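Colleague: Could we go through this model together? I should like to begin with a single residue and then turn to the overall fold.

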Amino acid sequence: MFQLRIYTLRSPEALQQYAAIHWARHLETFPAFGVTTHGVWTEASDGANRLVALIGYPPGADPEQVTRQVMASPEFAADMAGFNLDEIVDVQSIPLDPTPFSPIHQRTQEGSK
């Protein structure tokens, strides 16, 4: 299962700090929980200060449960150290299932063989 996560930050400065420092640290933390990061983007236009991430979970995993485990971990706390969580004003999580012809589906199938 894939999930598109959209984080809206209070300001361009908060987006820059969150993306460059704190979310970047998740790239090392997530694999310990079976979470794969497929891409991370920022949008800072027309007043939108968003970080968008496409992440994947292991087959059969409950994304909400995995997210709770990650967020309760000391590794996640270390990732977020020095960042004021009040700077995140909204988080959206959109579950995604790739179509059989999706290139990302094909890559993940090939990688698991």
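**One arginine and its surroundings**

Modeller: Let us begin with R50, which lies in strand β3, a strand that covers residues 48–56. Please keep in mind that this is a predicted model.

Colleague: Is R50 buried or exposed?

Modeller: R50 falls in between: its relative accessibility is 29%, and residues from 20% to 50% count as partly exposed.

Colleague: Which residues does R50 touch, leaving aside those up to four places away in sequence?

Modeller: R50 touches I6, Y7, T8, L15, W41, T42 and E43.

Colleague: Take Y7 from that group. What separates the C-alpha atoms of R50 and Y7?

Modeller: The separation is 5.4 Å, although R50 and Y7 stand 43 residues apart along the chain.

Colleague: And E43? How do the side chains of E43 and R50 meet?

Modeller: They meet in a salt bridge, with an N to O distance of 2.8 Å. That is within the 4 Å cut-off for such a pair.

Colleague: Why can side chains pair in this way?

Modeller: Side chains of opposite charge can pair when their charged atoms come close.

Colleague: What is the relative accessibility of E43?

Modeller: E43 has a relative accessibility of 29% and is therefore classed as partly exposed.

Colleague: How many salt bridges does the structure hold?

Modeller: There is one salt bridge in the structure.

Colleague: Let us stay with charge for a moment. How far apart are the mean positions of the positive and negative charges?

Modeller: They are 4 Å apart, taken over 7 positive and 13 negative charges.

Colleague: Now the fold. How many helices and strands does the protein have?

Modeller: The protein has four helices and four strands. Along the sequence, their order is β-α-β-β-α-α-β-α.

Colleague: What is the radius of gyration, and what does the globule rule give?

Modeller: The radius of gyration is 15 Å, close to the 13 Å given by the globule rule for 113 residues, so the protein is as compact as a globular protein of that length. Along the principal axes, its C-alpha atoms fill a box of roughly 40 × 35 × 20 Å.

Colleague: What about contacts between residues at least 6 apart in sequence?

Modeller: Of those contacts, 71% join residues at least 24 apart.

Colleague: Last topic, the surface. What does the accessible surface come to?

Modeller: It comes to about 6,900 Å², and carbon and sulfur atoms account for 54% of that area. Buried residues make up 35% of the 113 residues.

Notes
Residues numbered from 1 in each chain as written. Predicted model: local features only at pLDDT ≥ 70, side-chain atom pairs only at ≥ 80, totals over all residues. Heavy atoms only, no water. Buried < 20%, exposed > 50% of the residue type's maximum accessible area, 1.4 Å probe, protein only. Helix = DSSP H or I, 4+ residues; strand = E, 2+ residues; numbered from the N terminus. Rg over C-alpha atoms; globule rule 2.2 N^0.38 Å. Contact = heavy atoms within 4.5 Å. Areas by Shrake-Rupley, 256 points an atom, 1.4 Å probe, with all protein chains shown as cover. Lys, Arg positive; Asp, Glu negative; His and termini not counted. Charge placed at Lys NZ, Arg CZ, Asp CG, Glu CD.
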